[in-house]
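Okay, thanks everyone, let me get the model up on the screen. I'll talk through a few pieces of chain B.

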Amino acid sequence: MTIIRDKTKSQNSNSQNFTQAVTANRLTDGYVVYLTDRDSWSERIADCQIVDDRSAADDLLQRATDQAADDLVVGPYLFKVATEGGRTIPIGQREILRTTGPSVGTDLNLA
Amino acid sequence: MYRYDEFDHAFVAERVEQFRGQVARRVAGELTEDEFKPLRLMNGLYLQLHAYMLRVAIPYGTLSAKQMRKLAHIARTYDRGYGHFTTRQNIQYNWPRLEDVPAILNELASVEMHAIQTSGNCIRNTTADPLAGVAADEIDDPRVYAEIIRQWSTLHPEFSFLPRKFKIAVTGSPNDRAVTRGHDIGLRMHRDLAGNPGFEVMVGGGQGRTPIMAKTIRNFLPVDHLLSYLEAVLRVYNQLGRRDNIYKARIKILVQSEGTDTFAQMVEAEWQAIKDNALDLPKEERDRIKAYFGPPGYDDLAGDCPELNLALDLSLAANPRFAAWVEANVQDHKQPGYAIATISLKPHGGIPGDASADQMDAVAALSEKFSFGEIRVSYKQNLILPDVPKLGLLALWRALDGLDLATANAGRISDIIACPGLDYCNLANARSIPIAQRISERFTDLAREKDIGEISLNISGCINACAHHHVANIGVLGVNKGGTEYYQVTLGGVADENARVGAIIGPAFDEWQIAGAVEDIVDVYLRQRQTNEKFIETYQRVGPQPFKEKLYGTDRARQAS
């Protein structure tokens, strides 16, 4: 996967390339999940809803927070993404690893 | 080994059922995450980057074969077939499901283990010299005192909500193999002039963002006063430690701000008020605990030693790989005819500290065959069979070799301590494991490793320093710059009885440069060393400048100075 470096200083920047999605950990197993446009949670980043302005991001996070209050997920937050050739790509090493799983070992049998 | 008494069994079983109810209420939505989080942390359950992580205590690093088999069973049944042994003599499972955790805790309770106080602002698992009971230089077995501390500190009502986590390490030898000065309290055993055992008490050590080596506040504490003195230290800390700033909440900051002498005086005043009471440890009680840690049924091999040594010498001469393993991984035992064997969990290119369920089962079986069914876990993330007859070493090595557990690198450059790093840890800034793998792959030549000799290389993925990089001869710290991983190098750290913090050598390296930088550091050492000089001795003699010049060139080295 191409690593796209995070050159902006704030996750809530009003920059022109403001694309974000919401991620969290699922309550039952802690797995990484992404909020979809159907208010469901998917293990695939390809399913995530992407927003490109602050107002929409606030709405997205609020929906995710409501879901967390319903005890489906833990700790939802916004993170930056880019789209390349129709693919959604997380920005920054931490989010890349959350998406792909550990970069080492033989335990990478993620569903 | 220590066996649970009725109280131990009862409270661990009660705790399992209590947590089962808490998990059920959380899943049913009756507890919010904010309400549940402190409860799960008290039971060692973290939520990490990809999944929950369960940290299980291995008190003073001692396991029976039965316990090791249970750890393997848990890895196979509830996780992904492996476990990760840590620098604090714990094992971590990286993929348990929340609803399975009560069942896991129940399994652990069946072999007298638990995950209580492996997280949270309480007294954590007390660690000890992994060679306890078998080291030739030992005054007394530190596990006796670590077990007494475990009983005193477990669910201690006054110390369950300290300003910050609190770690204690104990060694029964003047040679420190437990990094005692790197702990909130370090206890190192000495004898007084009359020959009585007692502890040097060191307080305020820790690594993290403010690495400080513990200061001695009492040169000699008679062992019967151990608990009252610890209680005095904890009480002063609990009352005065900062709760307003997480970065200044550890006892090391309190000791630093008050001054060592003032802090010692406060402890002394508190101790004088509470000593000679129910916390005293009469000899009978110490002996009762000590009986659990008595030597196994050694054969009297003293008279056979010349023959044993000859047989071993013949085996060594006939098999250079076995000889290399014995040289690196086998240590002298206090009992004639026996040896201490380190099982390296650091295969070249492997993940430091990881063991598969099959390997754990195999080690359990080997411990029964060769070492009275006992296994030790070292802070260096290796396993140890403490009581191996010398004549069994060849058969043991052959068995380990078939399990990929016979890497002859204990104490060598590829015996790397590494934290889980950003591959697993929610706090990490950078990956540790792949860096360790890349470095170890550069040192696969055993002859070269032997030539480099004794050295320590530790890699932490963030400033919390779980891999003890500050006290490594070569320390590597992962940092994040603009979303990209970089690695800062420190040189000159020491983890033994002369513990000291290493110094940053210069600007950080990226993930593709760092392994080469380590090779450069080793090359400088090999060129600069004098006869029989270890890496740290060469570094202390020549200082950082030759290393800086090699790493950064003469001009940049001057700037970095």
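**Helix packing and a sheet in chain B**

So, start with helix H6 (residues 226-240) of chain B and helix H8 (residues 260-274) of chain B: they pack with axes 8 Å apart, at an angle of about 120°. That makes H6(B) oblique to H8(B), since oblique is what's left once you take out under 35 degrees (roughly parallel), over 145 (roughly antiparallel) and 65 to 115 (roughly perpendicular). Axes here are lines fitted to C-alpha atoms, for helices over the stretch in contact, with angles from 0 to 180 degrees between N-to-C directions.

Quick caveats: this is a predicted model, local features need pLDDT of at least 70, side-chain atom pairs count only at pLDDT 80 or more, and totals for chains, interfaces and linings use all residues. Residues are numbered from 1 along each chain as written, chains are lettered from A and ligands numbered from 1 in written order, and side-chain values use heavy atoms, leaving out hydrogens and water.

Who meets whom? On the H6(B) side, Tyr229(B) and Val236(B) are among the residues in contact (heavy atoms within 4.5 Å), and the H8(B) side includes Phe263(B) and Trp271(B).

Now the sheet. It's open, with five strands ordered E6-E7-E8-E9-E10 (chain B) and mixed pairing; strands pair if DSSP finds at least two bridges between them. The edges are strand E6 (127-128) and strand E10 (215-222) of chain B, each pairing on one side only. Strand E9 (residues 197-203) of chain B runs antiparallel to E10(B), over five bridges, and Val203(B) has Lys215(B) as its bridge partner in E10(B).

Technical notes:
Helices (H or I, at least four residues) and strands (E, at least two) are DSSP runs, numbered from the N terminus.
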